[in-house]
Amino acid sequence: MEGERTQPGWGPFGVLAISRWRLWGLPDRFLVGYVLAVDLTALTGAAVAFHALPVPARDWRPFWILLACCVVYVEVSRSIERSRADFLDGPHIDLNSVWMFAAALLLHPGLAAVVIAVSFAYRWLRVRHRPVYRQTFSAAASIVSAFLANLVPFAPQEFAIFAAALLYGLSNTALITFAVQRSRPGTTLREAMFSPADYALEASTIALGVLLAWALVDWPPVLLLIMGVTLVLHRSTLVQQFREQAGADGKTGLLNAAKWAEVASAELARGRRRGVPASVLMLDLDHFKVINDRHGHLTGDQVLLAVAAALRAEVRSADVLGRFGGEEFVILLPGTNRFDAVTIAERIRHRVGQLLVSVPSGEVGVTVSIGVAAQPRDGQALDPLLAAADRALYVAKEAGRDRVRTMP
């Protein structure tokens with residue numbers, strides 16, 4: 001899904017017009033309401049905090065320092081973040097919780113909300129023009145989490161800091177994960193969540209935020225050390241994300257065609273050494289162009305996400321799943337003979353046929369045609385297996401679609 005900056009005639013500030021947000025085009029009206037509710041909660045909470053609570057004079061110095069940290073950090077890390085924005089897509093854990101959680105610990109709730117909002121806004125302006133409603137929601141979720149962390153009683157101090165950090169991390173994760181799951185029909189809660197390594201990184205950034213808050217109060221020179229450590233973590237994290245996501249399809253998160261072929265070839269070679277057969281499924285969504293033409297590409301993207309989630313739910317961890325391009329998917333099934341592959345394909349066909357994606361006018365369903373090829377009958381190497389599965393897929397479509405077929 002493209003961001004608002006791709007719309008013709010929109011300047012960098014024109015996209016901020018709420019009436020132009022891509023949010024209004026989302027087919028899931030509940031998700032629209034949820035996003036707006038979180039945004040309104042953050043905005044209202046900041047307004048109430050400024051109205052009801054006086055800002056202590058001691059808060060202004062760390063406030064300006066944290067704002068400066070946000071700006072300096074974005075500028076210093078801009079080149080590597082732009083590389084990520086150019087080549088890697090999708091949600092990711094960043095390291096800005098260092099500044100945001102320090103603000104939640106140290107500052108008046110309204111000032112903390114300003115630090116968080118500036119952090120997200122400045123990153124959007126200087127690095128990555130995500131759709132405005134997404135950036136706004138991410139900022140609002142962090143602000144709400146900071147408000148919740150600020151509610152923790154401050155005594156005993158050690159327990160309070162731990163409880164605030166835990167509450168901040170869990171609430172932010174819950175708010176974001178629910179939105180991700182809701183935006184991807186058919187996605188399970190587990191699939192919507194980040195990996196354990198990502199959450200360990202988030203916990204580390206929150207811990208750095210605790211150290212930063214301490215440094216601002218008792219030992220300001222440590223601030224430079226924390227900035228350096230954060231930049232090193234940032235760069236190493238991006239290197240890992242490049243490695244993991246360079247082979248991922250941008251719309252579905254599945255392996256792209258080139259990476260799938262690489263992984264599948266290696267798996268087939270491993271199977272040949274062990275004397276274990278494998279099968280290949282080639283899948284094509286039926287009449288997908290009609291869905292795009294009738295309901296728009298946004299709905300088409302939602303259908304692709306829903307199908308990808310359904311495929312993940314039906315395959316084993318050892319199976320190799322990828323998007324071949326357009327509306328085509330491909331699956332390698334190691335250790336599976338022709339009969340079992342057909343059984344799995346029928347199960348997938350049935351599950352995809354039950355999918356319904358919400359659109360403003362109702363719901364959209366989709367069916368899938370599947371071609372099956374298996375060793376040794378259809379070949380041993382990847383290319384002949386793919387060719388046989390493609391021919392079988394053509395037979396399935398010629399037979400009326402929503403079919404599973406093998407070559408006779």
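# Notebook: a predicted chain, looked up piece by piece

I began with Lys 259, which is partly exposed, with a relative accessible area of 28%. This residue lies in helix H11, and I looked up its distance to Asp 249, which is 10 residues away in sequence, and found the two C-alpha atoms 9.3 Å apart in space. I note here that the model is a predicted one, and that every value in these entries is computed from it.

**Entry on Lys 251.** I then moved to Lys 251, which is found in the loop between helix H10 (222-245) and H11. With a relative accessible area of 37%, Lys 251 is also partly exposed. I checked its separation from Leu 304, and although the two positions lie 53 residues apart along the chain as a sequence separation, their C-alpha atoms are separated by 7.6 Å.

**Entry on the whole chain.** For context I looked up the overall counts, and the chain has 15 helices and seven strands. Of its 408 residues, 47% are buried. I also looked up how far apart in sequence the contacting residues are: among contacts between residues at least 6 apart in sequence, 72% join residues at least 24 apart.

**Entry on H2 and H4.** Two packed helices are described by the angle between their axes and the distance between the axes. I therefore looked up both values for helix H2 (residues 60-76) and helix H4 (residues 97-106), whose axes come within 10 Å and cross at roughly 175 degrees. An angle over 145 degrees counts as roughly antiparallel, so H2 and H4 are roughly antiparallel to each other. On the H2 side the contact is made by Pro 62, Leu 66, Cys 69, Cys 70 and Tyr 73, and on the H4 side by Trp 99, Ala 102, Ala 103 and Leu 106. Sorting these by class, I find nine nonpolar residues, no polar ones and no charged ones in the contact of H2 with H4.

**Entry on the cysteines.** Cys 69 and Cys 70 both appear in that contact, and I asked myself how many disulfides a search of the whole structure finds. The search returns zero. The closest cysteine sulfur to that of Cys 69 is in Cys 70, and because the distance is 7.0 Å, it is too far for a bond; the cut-off for a disulfide is 2.5 Å. Cys 70 is likewise in no disulfide, with the sulfur of Cys 69 as its nearest cysteine sulfur. Are these two residues buried or exposed? Cys 69 counts as buried at 4% relative accessibility, and Cys 70 counts as buried at 2%.

**Entry on Ala 213.** I next looked up Ala 213, which is found in helix H9 (residues 196-218) and counts as buried at 6% relative accessibility. Leaving out residues up to four places away in sequence, Ala 213 touches Ala 102, Leu 105 and Leu 106; of these, Ala 102 and Leu 106 are also among the H4 residues that contact H2. On the H2 side I looked up Leu 66, which is 147 residues from Ala 213 along the chain, and the C-alpha atoms of the two are separated by 9.6 Å.

**Entry on H15.** Helix H15 (residues 382-398) has 17 residues, which at 1.5 Å a residue should span 24 Å, and its end C-alpha atoms are 24 Å apart, which agrees. I listed its buried residues as Leu 382, Leu 385, Leu 386, Ala 388, Ala 389, Ala 392, Leu 393, Ala 396 and Lys 397. What do these buried residues pack against? The partners are helix H11 (257-274) together with strands E1 (278-285), E2 (320-325), E3 (328-334), E6 (368-374) and E7 (404-406).

**Entry on the backbone around H15.** Most residues other than glycine have a negative phi, and most peptide bonds are trans. Before H15, in the loop between E6 and H15, sits Pro 376, and the peptide bond joining Gln 375 to Pro 376 is cis, with omega about -5 degrees. Just after H15, Gly 400 takes a positive phi of about 125 degrees. Arg 401, in the loop between H15 and E7, has a positive phi near 70 degrees although it is a residue other than glycine, and it counts as partly exposed at 30% relative accessibility. Asp 402, placed in the loop between H15 and E7, also has a positive phi, of about 55 degrees, without being a glycine, and it counts as partly exposed at 25% relative accessibility.

Conventions
Residues numbered from 1 in each chain as written. Predicted model: local features only at pLDDT ≥ 70, side-chain atom pairs only at ≥ 80, totals over all residues. Heavy atoms only, no water. Axes fitted to C-alpha atoms, helices over the stretch in contact; angles between N-to-C directions. Helix = DSSP H or I, 4+ residues; strand = E, 2+ residues; numbered from the N terminus. Parallel < 35°, antiparallel > 145°, perpendicular 65-115°, else oblique. Contact = heavy atoms within 4.5 Å. Nonpolar A, V, L, I, M, F, W, Y, C, P; charged D, E, K, R; others polar. Buried < 20%, exposed > 50% of the residue type's maximum accessible area, 1.4 Å probe, protein only. Expected span 1.5 Å × (residues − 1).
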